[in-house]
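Open the model in your viewer and keep the selection panel at hand. The stops below are meant to be taken in order.

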There are 2 protein chains.
Amino acid sequence: MKRYAQWLEDANLKKTETRLKILQILDQEHAFLSADDIHQRLLKELPKVPISTVYRVLEALTQHALVSSVNVDHKKEMLFELAHEHHAHHLICLTCHQVIHIEECPVESLERSMLTKYGFKIESHSLEFYGHCKTCQEHR
Amino acid sequence: MKRYAQWLEDANLKKTETRLKILQILDQEHAFLSADDIHQRLLKELPKVPISTVYRVLEALTQHALVSSVNVDHKKEMLFELAHEHHAHHLICLTCHQVIHIEECPVESLERSMLTKYGFKIESHSLEFYGHCKTCQEHR
DNA sequence: TTTTTAAATGCAATTGATTGGCATTTATCC
DNA sequence: GGATAAATGCCAATCAATTGCATTTAAAAA
């Protein structure tokens with residue numbers, strides 16, 4: 001728990017029990033969890049935390065870069081995980097929905113190697129860039 | 001309108017006015033629209049179509065590969081566009097939210113060229129692969 | 001052309017995820 | 001320990017999407 005307290009301190013966030021536990025849950029799972037998943041696990045230890053608090057904690061942790069969130073195509077809820085220092089991509093199984101982290105920053109031509117290396121058969125992929133377009137860069 | 005009727009016919013879908021108009025809207029916009037965006041535009045021509053019908057039409061069109069849908073990170077609604085034959089990626093402006101289609105299948109190392117070519121300054125990107133993991137492939 | 005019928009629609013209520021207001025509690029600073 | 005701003009609990013509201021059911025309609029059959 002010390003570690004998590006330190007993370008919060010480094011991020012200038014108050015050390016509350018809920019935040020500590022949520023960090024612990026995310027650290028243990030080491031995978032993407034929905035707000036509801038996190039809430040379920042949290043209730044085992046802190047039986048009366050409402051899910052609105054979970055959302056607020058996740059928002060704070062995300063804003064301070066301790067947590068990162070993604071929208072996986074065709075799932076409507078946001079998913080959360082501990083932020084990695086190095087950015088990562090994911091192999092998302094259409095059948096069992098497991099999420100496999102990969103460290104390569106891959107392209108289409110790597111699909112074959114994903115099959116060899118992970119036995120993962122890619123059906124499709126999405127790649128999106130986020131940033132600022134020319135016009136918006138000029139106007140600020 | 002003939003064209004759209006043909007598309008529906010090729011997909012074995014009944015030619016209804018709502019479907020024709022929605023195809024037209026998507027074709028004219030040539031960009032990602034939310035169900036609500038589409039509904040707004042549709043109401044100008046067919047003033048009493050409920051949004052539930054829009055969702056049902058979009059679902060049918062998507063299932064028959066006339067339309068494709070994406071979840072853009074940090075936007076909670078689904079976005080829809082006419083399906084392209086060739087798969088495409090997008091540059092999504094964090095400021096004005098415009099979506100620019102690109103035909104290259106790009107990688108990290110292409111970020112510089114995006115800046116040169118489109119004046120788009122990439123802040124981050126996401127790349128997700130969808131498919132079937134080893135275990136799930138074996139069990140069916 | 002009329003009849004038949006399965007599919008599509010309209011309408012209203014519902015769900016599921018997320019957010020917000022406001023009173024109360026708590027971590028941190030002094 | 002006391003003051004203060006931030007975090008939480010509670011509960012209602014919102015927003016996107018879905019569903020049940022009665023009605024209408026496109027397209028196939030007669």
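The tour goes from the two DNA strands to a pair of buried residues and then to a sheet. Keep in mind throughout that this is a predicted model.

**Stop 1: DNA strand D**

Select DNA strand D and show the residues around it. There are 18 of them, and the closest are Thr16(A), Arg19(A), Lys15(B), Tyr55(B) and Met78(B). Colour these surroundings by class: five residues are nonpolar, five polar and eight charged. Now turn to the DNA side. Of the strand D atoms within 4 Å of the protein, 64% belong to sugar or phosphate, and the rest belong to bases.

Next, colour by secondary structure. Helix H2 (17–29) and helix H4 (51–63) of chain A, and helix H4 (51–63) of chain B, each supply at least two residues of the surface near strand D. Which element gives the largest share of that surface? It is H4(A), with four residues.

Three side chains of chain A are worth labelling here. Pick Thr16(A): an N or O atom of its side chain is 2.7 Å from a phosphate oxygen of DNA strand D. Then go to Ser52(A), where a side-chain N or O atom is 3.4 Å from a base nitrogen of DNA strand D. Finish with Arg56(A), which places a polar side-chain atom 3.1 Å from a base oxygen of DNA strand D.

**Stop 2: DNA strand C**

Hide strand D and select DNA strand C. It is surrounded by 20 residues, the closest being Lys15(A), Tyr55(A), Met78(A), Thr16(B) and Arg19(B). Of the strand C atoms that come within 4 Å of the protein, sugar and phosphate account for 66%. The residues of the surface near strand C divide into six nonpolar, five polar and nine charged.

Begin on chain A. A backbone N or O atom of Lys15(A) is 3.0 Å from a phosphate oxygen of DNA strand C. At Tyr55(A), a side-chain N or O atom is 2.2 Å from a phosphate oxygen of DNA strand C. Cross to chain B and select Arg56(B), whose side chain has a polar atom 3.1 Å from a base oxygen of DNA strand C. The elements giving two or more residues to this surface are H4 of chain A together with helix H2 (17–29) and H4 of chain B. H4(B) provides the largest share, four residues.

**Stop 3: Asn71(A) and Asp73(B)**

Hide the DNA and centre on Asn71(A), in strand S2 (residues 67–71) of chain A. Is this residue buried or exposed? Asn71(A) counts as buried because its relative accessible area is 5%, below the 20% cut-off. Outside its sequence neighbours within four places, Asn71(A) contacts Lys76(A), Glu77(A) and Met78(A), as well as Val72(B), Asp73(B), His74(B) and Lys75(B).

Follow that list to Asp73(B), which lies in the loop between strand S2 (67–71) and strand S3 (78–82) of chain B. Asp73(B) is also buried, at a relative accessible area of 12%. With the same neighbours in sequence set aside, the contacts of Asp73(B) are Ser69(A), Val70(A), Asn71(A), Tyr130(A) and Ser126(B). Add His125(B) to the view: its C-alpha atom is 9.6 Å from that of Asp73(B), although 52 residues separate the two along the chain.

**Stop 4: the sheet of chain A**

Return to chain A in cartoon view. Three strands form an open antiparallel sheet in the order S1-S3-S2. Strand S1 (33–34) and S2 are the edge strands, each pairing on one side only. S1(A) pairs with strand S3 (residues 78–82) over two bridges in the antiparallel sense. To end, select Leu33(A) and look across to Phe80(A) in S3(A), which stands opposite.

Technical notes. Residues are numbered from 1 along each chain as its sequence is written. Chains are lettered from A and ligands numbered from 1 in the order in which they are written. This is a predicted model: local features need pLDDT of at least 70, side-chain atom pairs count only at pLDDT 80 or more; totals for chains, interfaces and linings use all residues. Side-chain values use heavy atoms; hydrogens and water are left out. A residue is near a molecule or strand if one of its heavy atoms lies within 4 Å of it. A polar contact is a pair of N or O atoms within 3.5 Å; within protein, one must be able to donate a hydrogen and the other to accept it, and residues adjacent in sequence count only if both atoms are side-chain atoms. Ala, Val, Leu, Ile, Met, Phe, Trp, Tyr, Cys and Pro count as nonpolar, Asp, Glu, Lys and Arg as charged, and the others, Gly among them, as polar. Buried means under 20% relative accessible area, exposed over 50%, partly exposed in between (1.4 Å probe, protein chains only). Contact means heavy atoms within 4.5 Å. Two strands pair if DSSP finds at least two bridges between them.
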